[in-house]
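Q: Could you walk me through this one? I haven't looked at it before.

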Amino acid sequence: MATPEMIEFMQELQKNVTVGIVGGSDLSKISEQLGKTVVNDYDYVFSENGLVAHKDGKLIGTQSLKSFVGEEKLKEFINFTLHYIADLDIPIKRGTFIEFRSGMLNVSPIGRNCSQEERDEFERYDKVHNVRPKMVAVLREKFSHLNLTFSIGGQISFDVFPQGWDKTYCLRYLQDFHVIHFFGDKTYKGGNDHEIYESERTIGHKGLLYISTFTHYGHFQCLMEG
């Protein structure tokens, strides 16, 4: 959840540069973090890595995982994943283990219905026991024929989408910008910021955005992780 100070800072930032938000979550989750009017508050809002794209409050593009992969292959993947989670021995489980989004699947071993306290506990547990990395390794091998990307992000889940549908997907909407700065925290390999952080089209920054970072530049696109 963005703090009031962060919201105020980003509003001030937008007076000087074009600002875009890109996140792996769907628009409803991004709205919870940045406010219900988020699509109108920023120049660009890219939810689901840009598979759902808004500019100046208007929808400018969508992509469908179901159409791209096909129903039978999706069902095969979902069935296997649910069986894996059913057999997974972790301290607690809640509900909504797979969330179907427009352009990706979000998989959570603990379940997205957990409380914030349970999220924090699982994150600590996962850092020790590597629940998500181990699960990703199994799924990547099992479904290598589908050419899927597995991207660990947030505290409790990972995203699954076709190769090339990572956060670099949103860059196709920014062809008019010659300088693009990206700010994110999960920039390590396997993290959901890695590909766009390493992209030759962006100047990647790990962590938070500070005023000193952009005062030396003219008009450019600033993308921040949602």
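**Sheet, helices and a pocket**

A: In this predicted model, a good place to begin is Phe150, which stands opposite Val160 in strand S8.

Q: Which strands pair there, and in what sense?
A: Strand S7 and strand S8, the latter covering residues 157–162, pair in the antiparallel sense over six bridges.

Q: And what order do the strands of the whole sheet take?
A: The sheet is open and is formed by four strands in the order S5-S6-S8-S7, with antiparallel pairing. Strand S5 (98–100) and strand S7 (148–153) each have a single partner strand and stand at the edges, so one side of each is left without a neighbour in the sheet. From one strand to the next, the twist averages 20 degrees.

Q: Which helices lie across those strands?
A: Helix H5, made of residues 71–86, lies across S5, S6 (105–107), S7 and S8, and runs at about 10 degrees to S6. Helix H7 lies across S6, S7 and S8, and runs at about 175 degrees to S7.

Q: Switching topic, how much space lies in the second largest pocket?
A: The second largest pocket holds about 190 Å³ of space. Helix H6 (116–129) and helix H7 (131–142) are the elements that give two or more residues to its lining, and the largest share, three residues, comes from H6.

Q: Which residues line that pocket, and how do they divide?
A: Among those lining the second largest pocket are Glu123, Asp126, Lys127, Arg132, Ile152 and Tyr188. The residues of the lining divide into five charged, three nonpolar and two polar.

Definitions and conventions
Residues are numbered from 1 along each chain as its sequence is written. This is a predicted model: local features need pLDDT of at least 70, side-chain atom pairs count only at pLDDT 80 or more; totals for chains, interfaces and linings use all residues. Side-chain values use heavy atoms; hydrogens and water are left out. On a 1 Å grid over the protein atoms alone, a cavity is a set of points where a 1.4 Å probe fits but cannot get out, and a pocket is an open set with protein on both sides within 12 Å along at least five of seven lines; lining residues have an atom within 4 Å of a point. Grid points are joined across faces, edges and corners, and a volume is the space filled by probe spheres set on the points. Ala, Val, Leu, Ile, Met, Phe, Trp, Tyr, Cys and Pro count as nonpolar, Asp, Glu, Lys and Arg as charged, and the others, Gly among them, as polar. Two strands pair if DSSP finds at least two bridges between them. Axes are lines fitted to C-alpha atoms, for helices over the stretch in contact, and angles run from 0 to 180 degrees between N-to-C directions. Contact means heavy atoms within 4.5 Å.
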